[in-house]
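Could you walk me through this protein, starting with its rings and then turning to its cysteines? A plain tour of the inside is what I'm after.

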Amino acid sequence: MLNFARLPDLSGLWPMFERSERLVAQIEKQPRIRFSFFHKTETLESEFRLLYVARCTLQRGTGLNLSSESISGGLDNSSSLFSLQYLQNLSLAYNKFNYSQFPSGFDKLTNLRHLNLSNAGFAGQIPIELSSLRRLVILDLSTLYFPEIPPLKLENPNLEMLVQNFAELIELYLDGVNISEQGDEWCGALSSSLKNLTVLSLSNCNLLGPLNPSLLKLQSLSSIRLDNNNLSALVPEFFANFTNLTSLRLSSSGLFDIFPEKIFQVPTLEVLDLSNNARLGGSLPDFPQNGYLRTLVLSHTNFSGKLPHSIGNLTMLSRMDFSSCNFSGSIPTTMANLTQLLYLDMSFNNFTGPIPSFSKAKNLTQINLSHNDLTGQITSTHWEELKNLVNLDLRDNSLNGSISVSLFSHLSLRYLQLPNNQFSGELNQIPNISSNVLEYLDLSTNNLEGAIPVSVFNFRGLKILSLSSNNLTGSVQLNMIHQLTNLSSLDLSYNSLSIEFNRTGSPSSSFPNITTLKLASSKLKVFPDFLRNQSKLVVLDLSDNEIGAEIPYWIWKLPFLQQLNLSFNNLVTLEGSPRHAFYLTILDIRSNRLQGQLPDLPPFATYLDFSKNNFSSIIPSDIGDFLSYAYFFSLSSNEFKGSIHASICNATYLRVLDLSNNSFSGMIPECLVGMSSTLGVLNLGRNNLHGMVPDTFPDNCGLQTLDLNGNQLVGQVPESLEHCTRLEVFNIGNNHIEDIFPCHLKNASILRVLVLRSNNFSGHLGCEGKNATWPMLQILDVASNNFNGRLPIKCFYTWKAMSESEDETESELNHLRFEVLGFDKFYYQDAVTVTVKGLSMELVKILTIFTSIDVSGNNLEGTIPEGYGGLSSLYVLNLSHNALSGQIPKSLANLTQLESLDLSNNKLTGEIPMQLAESLIFLSFLDLSFNQLVGQIPNIKQFSTFSESSYEGNKGLCGFPLMNKCSDGGLSYTGSKDGKLEAEEDIEDDSIEDYVDEDETENEEFRGQYCVFCSKLDSSRKRVTHDPKCICRSSPLISSSSSTSSSSS
């Protein structure tokens, strides 16, 4: 059925739903005939025949509006529509011509002034006949672009041929039409024929650059729209010369370099959209007073610098979007003058300082200042006068103070997002909740404390509530959420709450249908029984609680459950079968006490973590057939045994496979090594695997972590491993490998961890050649091998990660990890066992600032190179149990971050350099024992805290803490526990007095026990913190059965 009387005008039919009201009004002034057809069985052609019968009633100037009438089928060139020769205004916009060929019969309508065919459903080449419509004033052939829909195109005829006769045209809309021409071509075609053009809209036309100056001939242009093209060009300054320009839209067009400031200052400009041009930069100029800008969109560009105070002169501005730029500095207080603002988005920048007041912008509906570094408090005066505010997003800043109660009782506010700040204090009871419309409340990751106000559970319209990662305390009855009848997401995780559930308190049917429930670390002791009836539950996180006994069978029957995290509980058995969880994609049940056989796997799971339990069976021989969609699979730290079946290679999507710390035996399947083209992490460490590592790593190896530590592997490091150029962690320690130093891995330029310890490696240590080897290496462990020769120096110089300043390393502070499901923030955390302070210590999360060199237990000889003092970021240095000789280099005093130094069991001679004691103020472990050192032990700062065992076996050493005293000119020193030097006899030598005076100055700062940071993983430390009560605690000894790898989400 067609009903033309439903639409009174053409407004809303233009491309992107924006058109000139003035021109629409001109069309509306013309008399039009409207028809209603009630014959549902009539064909399109018969309907147009009715039009033909009525053509005698059409007079000159008549308009015909057939837009949005759901007309379907094709339009034949012989249609009676084309006989309406006096027609001046025709719209067939928004119909369903089924992407039929564009008809050529429009050339018969020679009197047409306005032709609107936007989104009518035509496809293919635009016919040349259309160019004969010489009287056209407005032409709209625009179409919404979708890749799967056949497009309109201008090839033959091209754009120049189409517009050659349109001398009267003032508005041209070809959005979505495939033109595909170079800048000189399409700019020339327009400028040579359309002298009167005022509106040019060519978005999504596959246009190329550059933007040709010939466009300047179109001096009447007021609106230019070229977004979503591939211009890949500079923005020409000549745009500032269009004296009538009101709208310039250039988003997503590949623009680059600096945007001309003059364009901002065009006095007539009302709309400027440069968004989504990542390579386009610049800064904002000084804006003149009384500017006409209403819309200013710079999002996702590279604009930078500070906002000028003159931005407050844009008093007409209603939409301001500066999101995802590089602006910095404070937000000008002059923005309070922007009284017409409706929409403000300045998120993802580097703004600092307080939030200015926007209280004069009475109609403001959205404020997004998230992901900056804003500070200060938010007071009620900021928001109470914004009666129309709907969304307030201040997350990921450094805001502090208390949260004003008035925000919660705001009459129009629906979305309040304040997470990842530093808000503190208690949440007070909230009044006047009955009239509240709040739907989204997120206060997570702050410093809020106290109990959760009972009034929070009276927000009847609340859909999303997140209070996670605060310091909230007290008991919470989960039954209270039945009052929140619209609730779909609840997150109370990681507080100090005690969440309880009363099974007799509320019937399950009274609870809202929740899609997301997160109650991690909440001292929960049972599975809330109401969950069994949650038919819409998608995400359930009950991790890190005190839930014991069994995983109930009904949990696998929740029809839409996609993510289930029950890790870090006391679960023992698993009822039912996860195979029935048809939609389950993420299952995390690690760190429980589950036992028995490996349970059936969910059929479509992508993330499966069964690590750190007591499973003890062999894995099924067809295990790979149940991992068809898995990206992450971990059985680490269980008691699985038997061989690793080759069927696991059927899991072709795997990115992480962790079978470490079990009792698997047999050989490594060759196909598993072949999977490293897609695998990012392969961890088979701490098993009983034997044989050689297959030498079949593919050319496109993508491994980031390869851990084969603690097996019975023999042979050599595979030559084909050189293909793994993305390798960051390689651990083949504690095997029986016989090889030389693996210089063939030099192409792994981002290698950070290399562990070869406790094998039979031999030959010289390090690689020769000019090219840098592993500049990012931070952990080198080659202890307990048969390396010989001198300590290398050239390759050590290339290890930049060990020689960067503390500020440089802190700027990139992170853990080594492999991203598994980036959109859900799931990562595999790399781990390694290192020897620190004489103890084996597992680094479950390897900080990128932690650096260590351990070459102990080899046959190295010669002196310690002075150049080792350049490794200024080093935390651990172990050169013990070799045959090193010569003196301890004074340059080691430059290792100011050093925490553990072991030079024991060598042949070192000379005195202990005083510079070491002066500079190594973070040193908490020192072993110089069993060398040939002589002289007095420095008894200042950290060196005064070490025991006799640090120096024993050096017959020539004297002074505290050894029993033998040193004598020098009648002066005998003894050590004291507070680190001060005390004279037993009178001091007569002036030089000695001077020395003691200087030392006393130092001792004023370092009197008594020195506070030693036993773990240097705290990178925020900028200076020594003196605490007389500080006790240095040794790291616990990690047994050989502990895992060397872990995963974390």
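Below we look at the aromatic pairs, then one helix, then the disulfides. Keep in mind that this is a predicted model.

Let's start with the rings. A pair of aromatic rings is described by the distance of the centres and the angle of the planes. There are 31 aromatic pairs here. Take Phe97 and Phe122: their rings are stacked, 4.7 Å centre to centre with 10 degrees between the planes. This pair ties together distant parts of the chain, since Phe97 sits in the loop between strand 4 and strand 5 while Phe122 belongs to strand 7, 25 residues apart. Both Phe97 and Phe122 are buried. They also have company: Phe82, Phe102 and Phe106 join Phe97 and Phe122 in one aromatic cluster.

Further along, Phe327 and Phe351 make another stacked pair, with 6.3 Å between centres and 10 degrees between planes. Here strand 20 supplies Phe327 and strand 22 supplies Phe351, 24 residues apart. Phe327 and Phe351 are both buried. Rings can meet charges too: the charged end of Arg319 sits over the ring of Tyr343, 4.1 Å from its centre.

Now for helix 4, which runs over residues 183–193. Its buried residues include Trp186, Cys187, Leu190 and Ser191. What covers the buried residues of this helix? Helix 3, strand 10 and strand 11 are among the elements that do.

On to the cysteines. A disulfide is a covalent bond between the sulfur atoms of two cysteines. The model has four disulfides, and with the bonded cysteines numbered in sequence order the pairing reads 1-2, 3-4, 5-6, 7-8.

One of them joins Cys701 to Cys724, S to S 2.1 Å. With 90 degrees about the S-S bond, this link is right-handed. It connects two loops, one between strands 49 and 50 and the other between strands 51 and 52, with the cysteines 23 residues apart. Cys701 and Cys724 are both buried.

Cys743 and Cys767 are also joined, again with S to S at 2.1 Å, but the link of Cys743 and Cys767 is left-handed, at -105 degrees. Is each partner buried or partly exposed? Cys743 has a relative accessible area of 24%, so it counts as partly exposed. Cys767 is at 15%, and therefore counts as buried, because the limit for buried is under 20%.

Finally, Cys958 and Cys966 form a disulfide with their sulfur atoms 1.6 Å apart. That link is right-handed, with 110 degrees about the S-S bond, and both Cys958 and Cys966 are buried.

Technical notes: Residues are numbered from 1 along each chain as its sequence is written. This is a predicted model: local features need pLDDT of at least 70, side-chain atom pairs count only at pLDDT 80 or more; totals for chains, interfaces and linings use all residues. Side-chain values use heavy atoms; hydrogens and water are left out. Buried means under 20% relative accessible area, exposed over 50%, partly exposed in between (1.4 Å probe, protein chains only). Helices (H or I, at least four residues) and strands (E, at least two) are DSSP runs, numbered from the N terminus. Contact means heavy atoms within 4.5 Å. Rings of Phe, Tyr and Trp (its six-membered ring) pair if their centres lie within 6.5 Å; planes under 30 degrees apart count as stacked, over 60 as edge-to-face and the rest as tilted. A charge sits over a ring if NZ of Lys or CZ of Arg is within 6 Å of the ring centre and within 35 degrees of the ring normal. A disulfide is a pair of cysteine sulfur atoms within 2.5 Å.
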